[in-house]
Amino acid sequence: MCIRDRPGPELEHAAAATFVRGELAAYMRRHPYYVDLLIGGWDQREGSVLYYVDFLGGMQRMPYGAHGYAGYFVTSILDRYYTPELTRDEGMEIMRKCVAEIKQRFMVHSPNFLVKAIDAQGVYAVELE
């Protein structure tokens with residue numbers, strides 16, 4: 001659910017990520033549950049924001065992120081090509097490199113990938129093959 005679609009006062013992305021982190025940490029103590037999350041958004045003051053929340057409820061703000069088995073393959077690509085001044089087209093080119101690496105090295109066949117890009121104008125879904 002998008003933060004702005006819920007009723008009540010609007011939360012900043014850091015507050016929403018902190019809320020989710022707290023809920024995961026509390027739930028984990030009652031019922032074992034494994035989930036890793038990337039929570040992203042656009043902030044007028046800071047620009048793009050991305051938070052990684054792990055299955056233990058730990059949270060870290062990151063410039064880029066990947067998780068799961070495919071994260072082992074693409075993190076080095078993100079590390080090599082990411083710069084804070086990337087344009088959207090440059091970012092999509094990096095995503096294409098990540099998809100090519102996953103298709104080459106990952107044991108599960110995934111023919112299509114859906115990338116969600118976030119900027120000041122909104123959220124865009126781009127399908128990569």
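These notebook entries record what I looked up in a predicted model.

**Entry 1. Strands β4 and β5**

I began with the pairing of strand β4, residues 113-119, and strand β5, residues 122-128. The two strands run antiparallel and are joined by seven bridges. I then looked up how the chain passes from β4 to β5, and found a hairpin of two residues. For the register I noted one position: leucine 114 stands opposite glutamate 127 in β5.

**Entry 2. Aromatic pairs**

I recorded two values for each pair, since a pair of aromatic rings is described by the distance of the centres and the angle of the planes. The structure holds four aromatic pairs. One of them is formed by tyrosine 64 and tyrosine 82, with 5.3 Å from centre to centre and 55° between the planes, and this pair is tilted. I asked which parts of the chain this pair ties together. Tyrosine 64 lies in the loop between β3 (59-61) and α2 (69-81), and tyrosine 82 lies in the loop between α2 and α3 (88-105), so the pair links parts that are 18 residues apart in sequence. I also checked the accessibility of tyrosine 82, which is partly exposed at a relative accessible area of 29%.

Next I looked up tyrosine 69 and tyrosine 72. Their ring centres are 6.4 Å apart and their planes stand at 50°, so this pair is tilted. Both residues belong to helix α2, where they are three residues apart and thus separated by about one helical turn. Tyrosine 69 counts as exposed at 58% relative accessibility, and tyrosine 72 counts as exposed at 66%.

**Entry 3. Charges over rings**

I then turned to charged side chains placed over aromatic faces. Arginine 88 lies over the face of tyrosine 124, at 4.2 Å from the ring centre. Lysine 97 lies over the face of tyrosine 81, at 3.8 Å from the ring centre.

**Entry 4. Aspartate 43 and its partner**

Is aspartate 43 buried or exposed? Aspartate 43 counts as buried, because its relative accessibility is 13% and the cut-off for buried is under 20%. Aspartate 43 lies in strand β1, residues 37-43. I listed its contacts, leaving aside neighbours within four places in sequence, and found Glu12, His13 and Val49.

Side chains of opposite charge can pair when their charged atoms come close. I therefore searched for such a partner of aspartate 43 and found arginine 45, which forms a salt bridge with it at 3.9 Å between the closest N and O atoms. Arginine 45 counts as exposed at 61% relative accessibility, whereas aspartate 43 counts as buried at 13%.

**Entry 5. Salt bridges in helix α3**

A search of the whole structure finds four salt bridges. I examined two that involve helix α3.

In one, the side chains of glutamate 93 and arginine 96 meet at 4.0 Å, N to O. These two residues are three residues apart in helix α3, and so are separated by about one helical turn. Glutamate 93 is partly exposed, with a relative accessible area of 39%, and arginine 96 counts as partly exposed at 40% relative accessibility.

In the other, arginine 105 forms a salt bridge with glutamate 101, the closest N and O atoms being 3.2 Å apart. Here the residues are four residues apart in helix α3, which again separates them by about one helical turn. Arginine 105 is partly exposed, with a relative accessible area of 47%.

Methods:
Residues numbered from 1 in each chain as written. Predicted model: local features only at pLDDT ≥ 70, side-chain atom pairs only at ≥ 80, totals over all residues. Heavy atoms only, no water. Pairing = 2+ DSSP bridges. Phe/Tyr/Trp six-rings, centres within 6.5 Å; stacked < 30°, edge-to-face > 60°. Buried < 20%, exposed > 50% of the residue type's maximum accessible area, 1.4 Å probe, protein only. Lys NZ or Arg CZ within 6 Å of the ring centre and 35° of its normal. Contact = heavy atoms within 4.5 Å.
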